[in-house]
Amino acid sequence: MIHYISVILPIPLQKLFTYKITVAEASFLKKGMRVAVEFGKSKIYTALVYKIHTEAPVGYEAKDIYQILDEIPIVNETQITHWEWIANYYMCSLGEVFRAALPSAFLLESETAILLQQGFNDEKSLTNEEFLVFEALQHQPQLSIHQIIQILDKKKVFPIIKQLIEKKVIVVKEQIYEQYKPKLVKYIELTKEWEAADKLSELLNELGRAKKQRDVILTYFQLKAQKKPIKASELQKQSNGSTAVIKSLIDKHILSYYYIQKDRINFNGKSSEIKELTIHQQKAFEAIESTFKTKQVALLKGVTSSGKTEIYVKLIKQLLENNKQVLFLLPEIALTTQLIERLQHYFGEYLSVFHSKYSMNERVEVWNNVLESKAKAQLILGARSSLFLPFSNLGLIIVDEEHEPSFKQYDPAPRYHARDAAIVLAHQHKAKVILGSATPSIESYYNATQQKYGLVTLDRRYGNVLLPEIELVDIKEKYRKKRMIGHFSDRLLEMISEALNEKEQVILFQNRRGFAPVVECETCGVSPQCPQCDVSLTFHSFRKELRCHYCGYRQAMPHNCGACGSEKLNTKGFGTEQIELELHQLFPDANIGRMDLDTTRGKYGYQKILGQFQAQEIDILVGTQMLSKGLDFANVSLVGIMNADTMLNFPDFRAHERSYQLMVQVAGRAGRANKRGKVAIQTFNPYHQILQQVSTNAYAEMYKEQLDERWQYHYPPFYRIIKITLRHKDFNRVEEGAHWLGKSLTGIFKEQVLGPTTPAISKIRNYYIRHIIVKIPQNQHLELTKKNIIRVKNAFQAIKEFRSIKLNIDVDNY
């Protein structure tokens, strides 16, 4: 009987592919193990075993697998079930979820190597292009496909390679590169012949003249008395010897090296007792516990600085004592920096961190530790990707700052929302979920009011500190009265001076990085545009360059206008870099720091800036929205929002909700210890309803207004939204394709379809973009709707002219 396996390939295939296996392989392989398989033109992929069976595939002949890569499954059944839900719900392939879920080190890379076959001498039978490849192989032992493309200066080289194989000129070999490298620590020991106790004096006599070598041996015996393995680095340090001295002893066969594999992430400190909860925190904790008796999800709505983390800590302690795994999800890597320190105090030996700033090898080790249910990975702290870890005994998922848009993955697929996917994952593990936020998303709060989730409120700040005093500064009036210095009103400057005089710290928020978003010619009004995107270039003062924040294009700052030659170039708008520069001039004695994407690129970028601010080495910290998320600094007494209007006037149905959340969260960084903080919001329109609601902390009022609008205009939580994006480098083709698709969808869904429309930024990386939105009411069958959309999509991609258009489907795109 012939055995087969169906595998998940890490590419956007909608179906599973089947391969042939031997009887021995069938008895060894299990679902969730990795195999290397050939797919397409001599390309080897890491695939995941999905099913072992005896049914031959229809329509093609099954190939043999290349090799088995694992001894045990690295992905468990619950994970694959969760991936299937993500693939079905977010309308992507299982392969795309597989690629997103596994650390890249697990997805082995292959490179096709072309070698010359021995004994070929019929050069006259070769075409010109074939001879070029043959000649190149005379000078080097092997060529990669990429090198052959360069030699022939053409992209389609596979037909030529195929002919060369048929003529027996070349052979093709696959080189597989295993990317993960375990950390090996080098240790040292005496060789067998010198191990005996009576050999020491003989050994010292032999090294009589080599004083440094004798010192190394004597130090070795001192360290050996501690009865621990001796690190080579430790021996070198203690004996003040060099690497060359130790190498001489190795060459003489007196010492020898051996290696022990170590985890890269280890905790060496001491854990401390958790704090006692305040009366209000204890009430909230008890309310969560009673909610969990009847509901799976609890929404904890606690004002900023109410001590939600301490409640989480107490819940984590309970679950760890019951040997359950806990996942703590955060929206921003910046937040993990502060939280790691806090959680290490309590659960150091149980805590592992998983996010993209950690190296690939570190992520692989965390994956393996979770897979093996090791104690050191019982509590996982991470960004949205940590959802994909191989949990087997999950008891609780905490989604902190659940309202944050960073929990949504936009590109590439799967375009999942970590909060929603976490609730499904918890359901599969029969675990509980806490959604924590001071400003919950409209959808989560709606679910709580509909009794779908439990609702627990915590409306007192820790230590009974009052919520910050919020002041709206009318900069329209300030400009009219000439009371602005740069982008600072006299009132904000006065408040900053007061805080600095009191030796307190200040946070200034401007949600735009760089120096200025637009550089404009004063003579003709033209501003430099990105050649690949439909946006103006942002000026970065530090490097004197213009940069595109969408594709990364950069150019030197021009001295004159490219259109009319005028030297009168002026900047419009302002970003964090310009605020920082103005502060240096206004407060020359203050230490000023900046926290945005440009200053936090390295692995320890966040840690360095937040550490300096925590240690009060920085007086004023300027930053973008990464500053707004759950950071806790005791000495911050003032928060300034430089311009609230840019957020409010954004073309998006969530603009007002997001603005409210962002401003309340930023304001919440002020006055978190003993003293009531102050917040200054600069705006041209102080009477805007959202700004008034922020100033009075009126969440319920904002929620009611937004809910009424959403009902009226058919938006979530009353309607689901599916956004279809079309992209192509040819303007006319994408325009035609979008109209065809729009008409077809309108024929099925009538007035539920919006578009096709041109987005605010209509071209990115030379691709023209069109959007179509499908709104789905609550009473409409979601699965059926998706099937209809896929049917139309398949018909669209079957049309020859539209096949090259890139089409993305984003479910719940907000």
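How many disulfides does the structure hold? The structure, a predicted model, holds 0 disulfides. The points below cover its cysteines, two open sheets, several helices and three buried residues.

**Cysteines**

- A disulfide is a covalent bond between the sulfur atoms of two cysteines.
- Cys 551 takes part in no disulfide, and its nearest cysteine sulfur, that of Cys 530, lies 3.6 Å away.
- The cut-off for a disulfide is a pair of cysteine sulfur atoms within 2.5 Å, so the 3.6 Å between the sulfurs of Cys 551 and Cys 530 does not qualify.
- Cys 551 is buried, at a relative accessible area of 16%.
- Cys 92 also counts as buried, because its relative accessibility is 8% and the limit for a buried residue is under 20%.

**The sheet of 7 strands**

- One open sheet has 7 strands in the order β14-β15-β13-β16-β17-β12-β18, and the pairing is parallel.
- Its edge strands are β14 (351-354) and β18 (454-458); each has a single partner strand, so one side of each is left without a neighbour in the sheet.
- From one strand to the next, the twist of this sheet averages 20°.
- Within the sheet, β16 (residues 394-400) runs parallel to β17 (residues 432-437), and 5 bridges join the two.
- In that pairing, Leu 396 stands opposite Lys 432 of β17.
- Helix α14 (residues 360-371) lies across three strands, β13 (325-329), β14 and β15 (379-382).
- The angle between α14 and β14 is about 130°.

**The sheet of 3 strands**

- A second open sheet has 3 strands in the order β24-β25-β26, and here the pairing is antiparallel.
- β24 and β26 (554-556) stand at the edges with a single partner strand each, so one side of each has no neighbour in the sheet.
- The twist in this sheet averages 30° from one strand to the next.
- Strand β25 (residues 545-547) pairs with β26 over 3 bridges, in the antiparallel sense.
- Arg 547 stands opposite Arg 554, which belongs to β26.

**Phe 539**

- Phe 539 sits in strand β24, an edge strand of the sheet of 3 strands.
- With a relative accessible area of 9%, Phe 539 is buried.
- Leaving out residues up to four places away in sequence, Phe 539 touches Gly 514, Phe 515, Ala 516, Val 519, Lys 544, Glu 545, Leu 546, Met 557 and Thr 571.
- Two of these contacts, Glu 545 and Leu 546, fall within strand β25 (residues 545-547).
- Lys 237 is 302 residues from Phe 539 along the chain, and the C-alpha atoms of the two are separated by 50 Å.

**Helix α4**

- Helix α4 covers residues 128-139, which is 12 residues.
- At 1.5 Å a residue, α4 should span 16 Å; its end C-alpha atoms are 17 Å apart, which agrees.
- The buried residues of α4 are Glu 130, Val 133, Phe 134, Ala 136 and Leu 137.
- These buried residues cover an arc of only 160° around the axis, which puts them on the same side of α4.
- An α-helix has 3.6 residues a turn, so residues three or four places apart point the same way.
- The exposed residues Asn 128 and His 139 are on the face of α4 turned away from its buried side.

**Helix α19**

- In helix α19 (residues 576-586), the buried residues are Thr 576, Glu 577, Gln 578, Ile 579, Glu 580, Glu 582 and Leu 583.
- The cover over the buried residues of α19 includes the strands β20 (484-485), β21 (488-489), β22 (505-509), β24 (538-540), β28 (592-595) and β29 (620-623).

**Helices α16 and α24**

- Asn 447 belongs to helix α16 (residues 442-449) and is buried, with a relative accessible area of 17%.
- Apart from residues up to four places away in sequence, Asn 447 touches Lys 452 and Tyr 453.
- Tyr 703 belongs to helix α24 (residues 699-713) and is buried, at a relative accessible area of 9%.
- Beyond residues up to four places away in sequence, Tyr 703 touches Ile 442, Tyr 445, Tyr 446 and Thr 449, and these four fall within α16 (residues 442-449).
- Tyr 703 and Tyr 446 are 257 residues apart along the chain, yet their C-alpha atoms are separated by 8.9 Å.

Terms used:
Residues numbered from 1 in each chain as written. Predicted model: local features only at pLDDT ≥ 70, side-chain atom pairs only at ≥ 80, totals over all residues. Heavy atoms only, no water. Expected span 1.5 Å × (residues − 1). Buried < 20%, exposed > 50% of the residue type's maximum accessible area, 1.4 Å probe, protein only. Arc of directions from axis to C-beta. Pairing = 2+ DSSP bridges. Axes fitted to C-alpha atoms, helices over the stretch in contact; angles between N-to-C directions. Contact = heavy atoms within 4.5 Å.
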